[in-house]
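Work through the exercises below with the sequence and the 3D view open. Try each task before reading its solution.

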Amino acid sequence: MIIDILTLFPESFSYLSSSIMKRAQETEKIDINIHDIRQFSQDKHKKCDDYPFGGGAGMLMTAQPIYDAVKSVRKENSKIIFPSPVGKMLTPEIAKNLSKENHLIFICGHYEGVDQRIIDLLKPEEISIGDYVLTGGELPTMVIVDCLARFIDGVITQESLSEESFSCGNLEYPQYTRPQIFEGLEVPEVLLSGNHQEIAKWRKEQSIKRTKDKRPDLI
Ligand code: ADE
């Protein structure tokens, strides 16, 4: 999978060069390229924003640099994503479907947004990461990329994927590691028993209890 990210703030993306996302790239499961939209501006000062026609607060990203940046990376099979609070809400199903694409292009809006003609011309899939407004599309892009990467074969183990929250409709059970006692709190005895059947039963019960307590809306 190739991912091209178009942004005015390439330096925001260092997160994708660490930990699991770093390994996913080193092992060639995923190839992420960050492109600076400003480099595509035809303005002599490389300006990429302007005042909205009709007035209103803040600045908008102009269409030309974004349009040319997309043209420079677009292939026949590319899917274009525009993270936006007006998009459909990100779900594990959406992330899983995106993970099956060959080429994704993310356009990161910033300031008050982008000129509507970018949406009308390029018809990107608009995806929201929640009902709140962020200052730009950079964080949502990283959220979506991180979420879909976990569905790509070999990025994380199949076991982690099938046991995690939401994979079977419930939240994941609580987990513990060493030491056995921390600040007086002990690891549940069953986890130390070596009895795999009992451990699986306990985890299932905990998973249901946790979902009822914390996210009754999922039941
Ligand atoms: N850009 C700004 N806010 C956003 C959100 N909630 N989801 C996706 N993109 C955004």
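The exercises deal with domains, salt bridges, a helix, a tryptophan and a surface patch.

The model is predicted, so local features need pLDDT of at least 70 and side-chain atom pairs count only at pLDDT 80 or more, while totals for chains, interfaces and linings use all residues. Residues are numbered from 1 along each chain as its sequence is written, and side-chain values use heavy atoms, with hydrogens and water left out.

**Exercise 1.** Describe how domain 1 and domain 2 meet.

Solution.
- Step 1: Take the bounds, which come from an automatic or database domain assignment: domain 1 is 2-156 and domain 2 is 159-218.
- Step 2: Locate the centres. The C-alpha centres of the two domains lie 35 Å apart.
- Step 3: List contacts (heavy atoms within 4.5 Å). Four residues of domain 1 touch four residues of domain 2.
- Step 4: Take the buried area, meaning the accessible area (1.4 Å probe) that two parts lose on being put together, summed over both. The value is about 330 Å², and carbon and sulfur atoms give 65% of that. On the domain 1 side, R150, F151 and I156 supply 84% of the area buried against domain 2, more than any other three residues.

**Exercise 2.** Find the salt bridge of E164 and give the accessibility of each partner.

Solution.
- Step 1: Apply the rule: a side-chain nitrogen of Lys or Arg within 4 Å of a carboxyl oxygen of Asp or Glu. The partner of E164 is R150, at 2.5 Å from N to O.
- Step 2: Classify the residues by relative accessible area: buried is under 20%, exposed is over 50%, and partly exposed is in between (1.4 Å probe, protein chains only). E164 is buried at 15%, whereas R150 is partly exposed at 28%.
- Step 3: Check the interface. One salt bridge is found across the interface of domain 1 and domain 2.

**Exercise 3.** How far apart along the chain are K79 and E125, and how are their side chains joined?

Solution.
- Step 1: Find the elements. Strands are DSSP runs of E with at least two residues, helices are runs of H or I with at least four, and both are numbered from the N terminus. K79 is in strand β5 and E125 in strand β7 (residues 125-128), 46 residues apart.
- Step 2: Look at the side chains. K79 and E125 form a salt bridge of 2.9 Å, N to O.
- Step 3: Compare the cover. K79 is partly exposed at 25%, and E125 is buried at 18%.

**Exercise 4.** Which residues of helix α2 are buried, and what do they pack against?

Solution.
- Step 1: Go to residues 63-73. The buried residues there are P65, I66, D68, A69, V70 and V73.
- Step 2: Follow their contacts. The buried residues of α2 pack against several elements, including β1 (2-7), β2 (31-36) and α4 (116-122).

**Exercise 5.** Is W202 buried or exposed, and which residues does W202 contact?

Solution.
- Step 1: Place W202 in helix α7 (residues 196-214).
- Step 2: Read the accessibility. W202 counts as buried because its relative accessibility is 14%.
- Step 3: Leave aside neighbours within four places in sequence. W202 is then in contact with P174, Y176, P188, V190 and L191.

**Exercise 6.** Which residues make the nonpolar surface patch of about 290 Å²?

Solution.
- Step 1: Name the members: Y132, L134 and L139.
- Step 2: Examine one member. L139 lies in helix α5 (residues 138-149) and is exposed, with a relative accessible area of 54%.
- Step 3: Recall the rule. Patch residues have over 30% relative accessible area and no salt bridge; like charges are joined within 9 Å, nonpolar side chains (Val, Leu, Ile, Met, Phe, Trp, Tyr) within 5 Å. Accessible areas come from the Shrake-Rupley method with a 1.4 Å probe, and for residues only the protein chains shown count as cover.
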